[in-house]
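User: Please take a close look at one part of this model, then follow its connections outward. I am a first-year student, so give the cut-offs behind each term.

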Amino acid sequence: MKVLVTGANGYLGQGIIKNILDSGHDVTAVDVTTQYIDDRAKKISCDLFKGNKLYEYFNETETLLDGANQ
């Protein structure tokens, strides 16, 4: 499964990503900064609030976990 995690650099996002990766899924991790995100994830540094057509941009992921609005 392809999972997109927003707010990925935060404390909760980091733990969520580790668990998803350990389960064998692909993760695209998105946040303004990506310095603390697990290196197994595809990291994208961006501001989600300034983008459009995000579904297509993130390769039509199957699941979204939104940690950006905590």
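Analyst: **Asp22 and what surrounds it**

Asp22 counts as partly exposed because its relative accessibility is 44%. The scale behind that word is as follows: buried means under 20% relative accessible area, exposed means over 50%, and partly exposed lies in between, with a 1.4 Å probe and only protein chains counted. The model is a predicted one, in which local features need pLDDT of at least 70 and side-chain atom pairs count only at pLDDT 80 or more, while totals for chains, interfaces and linings use all residues. Residues are numbered from 1 along each chain as its sequence is written, and side-chain values use heavy atoms, with hydrogens and water left out.

Which residue does the side chain of Asp22 meet in a salt bridge? The partner is Arg40, at 3.0 Å from N to O. Asp22 belongs to helix H1, whereas Arg40 sits in the loop between S2 and strand S3 (42-45), so the salt bridge ties together parts that are 18 residues apart in sequence. The term salt bridge here means a side-chain nitrogen of Lys or Arg within 4 Å of a carboxyl oxygen of Asp or Glu. Side chains of opposite charge can pair when their charged atoms come close. Helices (H or I, at least four residues) and strands (E, at least two) are DSSP runs, numbered from the N terminus.

Arg40 has a relative accessible area of 46%, so Arg40 is partly exposed. Its side chain also meets that of Asp38 in a salt bridge of 2.9 Å, N to O. Asp38, at 22% relative accessibility, is again partly exposed. Another salt bridge joins the side chains of Asp39 and Lys43, at 2.7 Å from N to O. Asp39 is exposed because its relative accessible area is 68%, and Lys43 is partly exposed at 32%. Through shared partners, salt bridges join Lys18, Asp22, Asp38 and Arg40 into one network. The whole structure holds four salt bridges.

The helix that carries Asp22 also contributes to the interior. The largest nonpolar core has ten residues: Val3, Val5, Ala8, Ile17, Ile20, Leu21, Val27, Ala29, Ile37 and Ala41. Strand S1 (2-6), H1 and strand S2 (26-31) each supply at least two residues of this core, and H1 gives the most, with three. Such a core is a set of buried Ala, Val, Leu, Ile, Met, Phe, Trp, Tyr and Cys residues joined through side-chain atoms within 4.5 Å.

One core member, Ala8, touches Gly13, Gln14, Ile17, Ala29, Val30, Asp31 and Ile37, when residues up to four places away in sequence are not counted. Contact means heavy atoms within 4.5 Å. S1 is mostly covered, with four of its five residues buried. This strand pairs with S2 in the parallel sense over five bridges; two strands pair if DSSP finds at least two bridges between them. Lys2, for instance, has Asp26 in S2 as its bridge partner.

H1 (residues 11-22) also gives the most to a nonpolar patch, again with three residues. The patch lies on the surface and consists of Tyr11, Leu12, Ile16 and Leu65, with about 430 Å² of accessible area together. Patches are made of residues with over 30% relative accessible area and no salt bridge; like charges are joined within 9 Å, and nonpolar side chains (Val, Leu, Ile, Met, Phe, Trp, Tyr) within 5 Å. Accessible areas come from the Shrake-Rupley method with a 1.4 Å probe, and for residues only the protein chains shown count as cover. Tyr11, placed in H1, is exposed because its relative accessibility is 76%.

Phe58 is elsewhere, in the loop between helix H2 (54-57) and strand S4 (63-66). Its relative accessibility is 2%, so Phe58 counts as buried. Leaving aside neighbours within four places in sequence, Phe58 is in contact with Leu4, Thr28, Val30, Ile44, Cys46 and Leu48.

To place these parts in the whole, the chain has two helices and four strands, and from the N terminus on they run β-α-β-β-α-β. Of its 70 residues, 31% count as buried.
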